[in-house]
Amino acid sequence: MSAVANLAADTWSSMLRVLLHYRRSPGLLAVSLAVPVLMVVVFGYVFGSAITVPDGASGASGAVGASGAGPVDGYREFLMPGLFAMVAVNGIVPTMVGAARDVGRGVTDRLRSMALSRTGLLLGQTLADLLVSVVVLALLAAVGLAVGWRIRGGPADALGAFGLLLLFRFAMTWVGLLLGLAVGKEEAAGQLAVAVFPLAMVTNAFVPTGGMPGWLAAVAEWNPMSAVVQAGRDLFANPSAPAAAWPMQHAVLATLLWCGVLLTVCGPFAVRKFATHGT
């Protein structure tokens, strides 16, 4: 077989291994699907009534729909691109914990002893995660539409937004692989995963950066996740807050650049770490 055929076969085998793990652990898949729904409820309904969206309307001041079900909350349209990006950045967690678990249980050493493509093994894991994330994003979009979020841009722009989200998720899985292989212990990876949420909060995902202290606003606006959020708001034509930082002014390009940098750095280092683990 050619090198390309070997890479494809090893990638496919690695994908199946990860997907079978989800099949044998229905609770893990259920949690992956339930978390986006809970995020919409918590942020859209609990926090939304206290947060003013960029156009000046708050969750409590929206018009009441004809059904009388509740306010048509402008904050939810501001929020949904942030929740999409949150799902994307959370790609770090399962791959990091899974990679560390494989190292701790000796699975990585067994795989390294086989005549398998190192790149294919890791690529299969990231692609499997990408398939699961497509389902999660689709569910989150459906929940968003049910609570009043709308895609106000064109179909091509919407597809571009989802494409950027999946690209960012793909980059995040490589970050997670590198961290998991470096940590090497499932318990340590689980503790490190806790840091993902606070880092994701220092962004424009949930509140405009204009209300933050100057130094914190600068950090938030240069956070890669903020570029993804802003790109989503631009492409979905959802409300957004003005920001002067370059990534906010050129969000789509900034997202592509961030993804390129993360993949260029983390991909080769993750493959190298996998290949040299324990040597």
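This is a chat about aromatic pairs, one helix and the nonpolar cores of a predicted model.

Reader: Before we start, what kind of model is this, and how are residues numbered?
Author: This is a predicted model, where local features need pLDDT of at least 70, side-chain atom pairs count only at pLDDT 80 or more, and totals for chains, interfaces and linings use all residues. Residues are numbered from 1 along each chain as its sequence is written, and side-chain values use heavy atoms, with hydrogens and water left out.

Reader: Ok, how many aromatic pairs are there?
Author: Searching the whole structure gives seven aromatic pairs, where rings of Phe, Tyr and Trp (its six-membered ring) pair if their centres lie within 6.5 Å, and planes under 30 degrees apart count as stacked, over 60 as edge-to-face and the rest as tilted. One of them joins Y75 and F78, whose ring centres are 6.1 Å apart with planes at 35°, so this pair is tilted.

Reader: Where do Y75 and F78 sit, and are they buried or exposed?
Author: Both belong to helix α3 (residues 74–89), three residues apart, about one turn of the helix; helices here are DSSP runs of H or I with at least four residues, numbered from the N terminus. Y75 and F78 are both buried, meaning under 20% relative accessible area, with exposed over 50% and partly exposed in between (1.4 Å probe, protein chains only).

Reader: What about F84 and F236?
Author: F84 and F236 form a tilted aromatic pair, 5.9 Å centre to centre with 50° between the planes. Because F84 lies in helix α3 and F236 in helix α11 (residues 224–236), the pair ties together parts that are 152 residues apart in sequence. Both F84 and F236 are buried, and ring pairs link them with W149 and F162 into a cluster.

Reader: Switching to α11, how many of its residues are buried?
Author: In α11, 11 of the 13 residues are buried, so the helix is mostly covered. Its buried residues pack against α3, α7 (155–183), α9 (196–201), α10 (214–221), α12 (246–249) and α13 (251–276), where contact means heavy atoms within 4.5 Å.

Reader: And what comes just after α11?
Author: Just after α11, A237 takes a positive phi of about 60°.

Reader: Which residues have the most contacts inside the largest nonpolar core?
Author: They are L83, F84, F168, W174, F206 and M225, in a core of 68 residues; such a core is a set of buried Ala, Val, Leu, Ile, Met, Phe, Trp, Tyr and Cys residues joined through side-chain atoms within 4.5 Å. The largest share of this core, 12 residues, comes from α7.

Conventions
Helices (H or I, at least four residues) and strands (E, at least two) are DSSP runs, numbered from the N terminus.
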